[in-house]
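Please read the following report alongside the sequence and the coordinates. It begins with charged pairs, then turns to the chain fold, the contact between chains and the nonpolar interior.

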Number of protein chains: 2
Amino acid sequence: MNQRGRDVDEEPVGPVPRKRTGGRSARVREAVLTATLDQVAEHGIEGLTIGDVAARAGVAETTIYRRWGSRTALIAEAVTELAAVGNPVPDTGTLRGDLRLLAEQIAQLISRPGIARLVGTTIALSADPEVAAARHHFWEDRFQRSSQVIVRAVERGELPGDVNARAVIETLSAPLYFRLLVGDEPLGSAFIARCVDDTLTLHAKPV
Amino acid sequence: MNQRGRDVDEEPVGPVPRKRTGGRSARVREAVLTATLDQVAEHGIEGLTIGDVAARAGVAETTIYRRWGSRTALIAEAVTELAAVGNPVPDTGTLRGDLRLLAEQIAQLISRPGIARLVGTTIALSADPEVAAARHHFWEDRFQRSSQVIVRAVERGELPGDVNARAVIETLSAPLYFRLLVGDEPLGSAFIARCVDDTLTLHAKPV
């Protein structure tokens with residue numbers, strides 16, 4: 001992470017503590033990340049400047065540079081946070097229940113205003129190493145969180161012990177994101193149910 | 001189509017005849033579509049102007065306006081053509097063989113330089129009605145062509161008569177395009193084989 005020039009007191013890699021309520025530092029962080037997402041939704045990644053984010057969040061530009069180091073590190077953290085906050089990793093007691101919640105979380109995320117623009121831009125600008133790093137950060141966080149669902153399902157005997165957690169998450173997620181890409185079909189509950197059924201058919205142990 | 005201001009001698013909607021070799025009109029069309037793709041690959045959809053395409057193709061701007069009417073109609077036709085030319089609809093005699101070829105064609109298309117930028121931009125700018133129309137045109141063409149594979153498989157008894165052709169194509173395509181989106185994993189032959197196997201598992205009739 002030091003390659004991005006972040007401070008040593010930055011967020012640790014991997015699952016980020018969600019409950020950092022209270023304290024000026026936490027308030028600044030939240031204000032900056034919210035302002036970042038608002039700016040991206042309105043102007044795209046290309047149009048985002050640290051100066052605009054600072055003005056919108058009511059903090060000094062230097063605060064942002066000291067904490068995040070770069071524009072793209074800032075965007076990466078804001079989007080990863082967006083996908084994680086309010087979306088605790090499901091733990092319903094069954095693989096089906098957990099996959100259903102995961103799929104609903106993805107559908108909600110995809111449907112947010114500004115997300116199409118954000119996702120599209122990260123693909124369009126993926127030749128840019130900073131954008132590629134931000135995208136990588138986002139997806140690794142998604143896969144890492146979701147894999148807790150797979151680990152618990154293996155413990156319950158619902159998935160084989162040698163299951164490829166990432167492949168299961170891919171099977172569940174791909175059709176949802178594909179509809180974001182094609183753009184003409186809704187992410188309704190019938191479609192979500194089909195994604196869950198297909199994932200169970202392809203990966204779950206026969207009962 | 002008239003809403004886009006095209007001429008009456010334009011390409012018909014639906015499957016486009018591929019073999020329009022010979023003739024100045026065909027040569028102009030090919031030069032313009034090739035120049036369009038080159039411009040998009042280098043400068044993105046946002047950076048494409050009819051003037052630049054005309055200069056690159058060695059034709060008059062008015063020729064392009066008369067034939068395609070708009071920047072986006074031009075891009076839509078160029079990309080649809082890119083995906084279709086050199087990629088005849090597979091007809092190997094088995095559903096497995098056809099799905100394998102389709103998946104390989106998609107993997108090759110996704111791996112082309114400039115495609116990430118193009119796909120990303122169509123998502124990012126999907127709020128623009130012209131971009132949305134271009135995207136719609138591209139995907140409808142893809143689904144329509146591919147559905148011939150499904151129709152033949154139903155005739156051979158490999159798929160149930162009430163199969164949803166679009167759902168089969170979605171199952172096959174979604175994981176491939178998802179990897180374009182995530183960006184960190186290759187589209188190798190093992191992955192392609194898994195996409196085909198999964199599609200057959202989920203949709204084919206039990207033997």
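In this predicted model, A:R96 counts as partly exposed at 45% relative accessibility, and this residue forms a salt bridge with A:D197, whose closest approach between N and O atoms is 2.8 Å. The bridge ties together distant parts of the chain, since A:D197 lies in helix α9 of chain A and A:R96 in helix α5 (residues 95–111) of chain A, 101 residues apart. Its acidic partner, A:D197, is likewise assigned to the partly exposed class, with 35% relative accessibility.

A second pair within chain A is formed by A:E140 and A:R166, with the closest N and O atoms 3.1 Å apart. Here helix α7 (residues 129–155) of chain A supplies A:E140, while helix α8 (residues 165–182) of chain A supplies A:R166, and the two residues are 26 apart along the chain. A:E140 is partly exposed at 27% relative accessibility, and A:R166 is partly exposed with a relative accessible area of 21%. Because buried means under 20% relative accessible area, A:R166 at 21% falls in the partly exposed class.

In chain B, the salt bridge between B:E77 and B:R29 has its closest N and O atoms 3.0 Å apart. It joins helix α4 (residues 71–84) of chain B, which holds B:E77, to helix α1 (residues 24–43) of chain B, which holds B:R29, across 48 residues of sequence. Are these two residues buried or exposed? B:E77 is buried, with a relative accessible area of 8%, and B:R29 also counts as buried, at 8% relative accessibility.

The following table collects these pairs together with one that crosses between the chains.

| Acidic residue | Basic residue | Closest N and O atoms |
|---|---|---|
| A:D197 | A:R96 | 2.8 Å |
| A:E140 | A:R166 | 3.1 Å |
| B:E77 | B:R29 | 3.0 Å |
| B:E185 | A:R166 | 2.6 Å |

Over all chains, the structure holds 26 salt bridges. A:R166 appears in two rows of the table, bridging to A:E140 and to B:E185. Both of these acidic residues belong, with A:R166, to a network of salt bridges that also includes A:E170, B:R179 and B:R194.

Turning to the contact between the chains, 32 residues of chain B are in contact with 32 residues of chain A. The area buried between them is about 2900 Å², and carbon and sulfur atoms give 63% of this. On the side of chain B, the residues that lose the most area to chain A are B:E170, B:F178 and B:L181, which together account for 23% of what that side buries. Between the two chains there are six salt bridges, and 14 residue pairs are in polar contact. The elements of chain B that give two or more residues to this side are α6 (115–124), α7, α8 (165–182) and α9 (189–203), and the largest share, 12 residues, comes from α8(B). By residue class, the side of chain B that touches chain A divides into 16 nonpolar, seven polar and nine charged residues.

As for the fold of a single chain, chain A has nine helices and zero strands. Of its 207 residues, 49% count as buried, and among contacts between residues at least 6 apart in sequence, 68% join residues at least 24 apart.

Helix α9 (residues 189–203) of chain A also contains A:T199, which is buried with a relative accessible area of 2%. The side chain of A:T199 reaches the backbone oxygen of A:C195 at 2.7 Å. Leaving aside residues up to four places away in sequence, A:T199 touches A:L99, A:V168, A:T171, A:L172 and A:A204.

The largest nonpolar core has 113 residues, and those touching the most other members are A:V32, A:I64, A:Y177, B:V32, B:I64, B:L176 and B:Y177. One of these, B:L176, touches B:A103, B:I106, B:I110, B:L187, B:F191, B:I192 and B:C195, again not counting residues up to four places away in sequence.

By contrast with such core positions, B:V151 is partly exposed, with a relative accessible area of 46%. B:V151 is found in helix α7 (residues 129–155) of chain B, and its C-alpha atom is separated by 8.9 Å from that of B:G161, 10 residues apart along the chain.

Technical notes:
Residues numbered from 1 in each chain as written. Chains lettered and ligands numbered in written order. Predicted model: local features only at pLDDT ≥ 70, side-chain atom pairs only at ≥ 80, totals over all residues. Heavy atoms only, no water. Core = buried A, V, L, I, M, F, W, Y, C linked by side-chain atoms within 4.5 Å. Buried < 20%, exposed > 50% of the residue type's maximum accessible area, 1.4 Å probe, protein only. Contact = heavy atoms within 4.5 Å. Helix = DSSP H or I, 4+ residues; strand = E, 2+ residues; numbered from the N terminus. Buried area = accessible area lost by both parts, 1.4 Å probe. Salt bridge = Lys/Arg side-chain N within 4 Å of Asp/Glu carboxyl O. Polar contact = N/O pair within 3.5 Å; in protein donor to acceptor, adjacent residues only side chain to side chain. Nonpolar A, V, L, I, M, F, W, Y, C, P; charged D, E, K, R; others polar.
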